[in-house]
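Here is a short briefing on nonpolar cores and aromatic rings for your next look at a model. Have a look at the sequence and structure first.

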Amino acid sequence: MDERAAVHSIYSAAYGVEGVHMRSIRSLGGLAVAGAALLTAGCGYLSEAGPSSFEIRNHAADPQGLPYAVVKLTPEVVHILAEDNPKSIASAFRDSRPPPTIKFGIGDVVTVSVFEAAAGGLFIPIEAGVRPGNFVQLPNQPVDTNGNISVPYAGAVRANGRTPVEVQDDIVARIKNRAIEPQVIVALATQNTSLISVLGEVNTPNRFPAQPAGEHILDAITRAGGIKDQGYDSWVMLERHGVRATVPFGALVYEPANNIWIWPNDVVYVYKEPQTYLAFGAMGGGTTFTGAFQTQGQFNFNAWRLSLAEALANAGGLIDIQADAGSVFLYRGEPCPLAQRLGIDCSKYPGPVVPVIFSVSFRDPAGYFLGTKVQMHNKDVIFAANAPSYEVAKFNVNIQTVIATGNDAAVAVSNGVIARNLLSAGSPK
């Protein structure tokens, strides 16, 4: 049935009062017929906050619109979603070993001390006598652009990419036939390479030398003065050798596996990005047919991690007189490899991301357990469908409004007729 024709039938029935006493029953009958036509036609006469559960599950959408997949939340689906956790640095950097030994680099300033067992050798004059600790300390020098340092009688010694012990052994090997039982100590005077950079939303952004004993990501952030704002809005990105991984700051604190060793030349970037989600439909603080208070819209996580059940509660929960507890939906785009693991045929969907609608029933007590295990993603959308009984009640309210409007018109006409009769009776003949 055409929507305009149906609405016209209602108003014609209400306002077509040619004779109130003769037409009232006919008007009510017309309203009933038009109302039945609206209910059976499904022509969208009633206002709605979103699609019905039937439309979502049966893909009753515009054929030219965006295709989507519907997946019911089950323990197996929840397990697959939990395995594909994007908030993990440990999975991106699987080498859990402590950082490698710090090596010299071009620009590092090096100090070299040469010891001899007796005077009269290469470095200790004979008049110095024999005493423990005969040594000479060479002037500090940087590793040059060729990666070398210069040591008397040893020449240019390769330092770049070597550890102090490796450089020491090389110098000893070069002078041992001329010096008296030489021993060499090579140390880092000023470390200009093997640095760690901590940038972004920290109190003291800086580049500082890596610790020889090693440190973890949180240690490096602490050396940079700690994060500026609340941890639940902060994200931490680690870059190493061109590989990047990002996690919420809370993942470093509450999941120690993510707080991995930091290596020389790593970059740690801290930034603030509040996570949000959208909630629509039959949820909020409460509502009535006349439009009482209801909470919907955009919400912040206010936590580093949020479950579906927590997100629903944060939006006010389901409305008792309106919501279909068996029809709560989570909208999200999932990468094709994960969608395939969920049993979705990706060939039906263009692009690498598949629009997926996860359905969960909170009529089932187990649905609440599943809701606590599904983690929300940034920009997710939750929609709670109306119960069919609520749609019927909305229609009844609309019908009562139309009938009341028609009755008002009928009363006005009747009062006009009465007034005219009174005036006619009181006028002089």
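Which residues form one aromatic cluster with Y277? The cluster is made of Y277, F299 and F301. This is a predicted model, where local features need pLDDT of at least 70 and side-chain atom pairs pLDDT 80 or more, while totals for chains, interfaces and linings use all residues. Residues are numbered from 1 along each chain as its sequence is written, and side-chain values use heavy atoms, leaving out hydrogens and water.

**Nonpolar cores**
- The largest nonpolar core (buried Ala, Val, Leu, Ile, Met, Phe, Trp, Tyr and Cys residues joined through side-chain atoms within 4.5 Å) has 39 residues.
- L73, Y277, I344, F358 and I382 have the most contacts inside this core.
- Among the elements giving two or more residues to the core are β1 (69-72), α4 (75-83) and β15 (276-281).
- A second, separate core has 25 residues, including I89, I196, A224 and V236.

**Around Y277**
- Beyond its neighbours within four places in sequence, Y277 is in contact (heavy atoms within 4.5 Å) with residues including F299, F301, M376 and I382.

**Aromatic rings**
- The structure holds seven aromatic pairs (Phe, Tyr or six-membered Trp rings with centres within 6.5 Å).
- Y254 and W304 count as stacked (planes under 30 degrees apart) because their planes are at 10°, with ring centres 6.0 Å apart.
- Y254 is exposed (over 50% relative accessible area, 1.4 Å probe, protein chains only) at 59%, whereas W304 is buried (under 20%) at 13%.

Terms used: Helices (H or I, at least four residues) and strands (E, at least two) are DSSP runs, numbered from the N terminus. Rings of Phe, Tyr and Trp (its six-membered ring) pair if their centres lie within 6.5 Å; planes under 30 degrees apart count as stacked, over 60 as edge-to-face and the rest as tilted.
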